[in-house]
Amino acid sequence: ITGQGPVVFLVHGFAEDGRVWDDLLPLLPKEFTYIIPDLPGSGRSEQALDIAVSLSIDSLADQLIEGLSQENIFKNSASGPHPHFRIVGHSMGGYIALSLAERFPQWIHSLVLYHSTPRTDAPEKMALRKKSIDFIRKHGSGAFLSEVIPNLYSREYAAGYPERIAEKIKE
């Protein structure tokens with residue numbers, strides 16, 4: 001949590017954590033409070049992600065709000081006891097943002113989808129997600145992330161900074 005002013009959530013995507021926003025944060029307007037959580041099982045999150053449990057986008061959204069409510073993030077909210085915030089969702093974080101907007105529209109001042117979409121996944125993409133889940137169950141999340149993380153970057157970046165890619169995999 002950094003800054004003062006109206007709340008802006010920056011929600012990371014799959015196979016990332018809140019550090020994905022580190023380079024962007026200094027460029028953002030200073031008159032906001034930026035809340036950059038780590039989703040369950042990511043980064044510095046104290047909540048482990050149990051791969052045997054089906055975590056839906058709605059469940060992740062609920063956990064995000066529950067965690068922030070427990071920390072009294074909204075205690076100084078000008079809108080009273082309910083939060084009123086802006087939210088930027090990157091990739092899967094966009095799906096989480098959409099879940100919140102759909103279920104709690106009165107809380108959302110504005111929403112940005114960054115490399116995300118409001119559209120339902122095509123059948124091919126759904127099949128790929130199922131294949132990923134099966135791979136994780138069989139080989140573990142470490143093996144999965146070793147395969148996925150390099151593909152999150154352009155070939156040029158990955159070739160120029162292999163040590164950074166290796167560091168991300170280790171994190």
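How far does helix α2 (residues 92-103) reach from its first C-alpha to its last? In this predicted model, the 12 residues of α2 cover 17 Å, close to the 16 Å expected at 1.5 Å a residue. Much of the interest here lies in what the helix buries: M92, G93, G94, Y95, I96, A97, S99 and L100 are its buried residues.

Two residues of this helix reappear in the nonpolar interior. The largest nonpolar core has 19 residues, and I96 and L100 are among those with the most contacts inside it, together with F9, V11, F85 and I87. Two or more residues of this core come from each of β2 (7-11), α1 (57-70), β4 (85-90) and α2. In soluble globular proteins, nonpolar side chains tend to be buried together. I87 offers a handy view of the surroundings: leaving aside residues up to four places away in sequence, I87 touches F9, V11, A97, L100, I108, S110, L111 and V112. A second core, separate from this one, has seven residues, including V8, L10, F32 and V88.

Aromatic rings add another layer to the picture. Eight aromatic pairs are found in the structure. One of them joins Y157 and Y161 in a tilted arrangement, with 4.8 Å centre to centre and 35° between the planes. Y157 counts as partly exposed because its relative accessibility is 27%, and Y161, with a relative accessible area of 34%, is partly exposed as well. Elsewhere in the sequence, F14, F135 and F144 form one aromatic cluster.

Definitions and conventions. Residues are numbered from 1 along each chain as its sequence is written. This is a predicted model: local features need pLDDT of at least 70, side-chain atom pairs count only at pLDDT 80 or more; totals for chains, interfaces and linings use all residues. Side-chain values use heavy atoms; hydrogens and water are left out. Helices (H or I, at least four residues) and strands (E, at least two) are DSSP runs, numbered from the N terminus. The expected span of a helix is 1.5 Å times one less than its number of residues. Buried means under 20% relative accessible area, exposed over 50%, partly exposed in between (1.4 Å probe, protein chains only). Rings of Phe, Tyr and Trp (its six-membered ring) pair if their centres lie within 6.5 Å; planes under 30 degrees apart count as stacked, over 60 as edge-to-face and the rest as tilted. A nonpolar core is a set of buried Ala, Val, Leu, Ile, Met, Phe, Trp, Tyr and Cys residues joined through side-chain atoms within 4.5 Å. Contact means heavy atoms within 4.5 Å.
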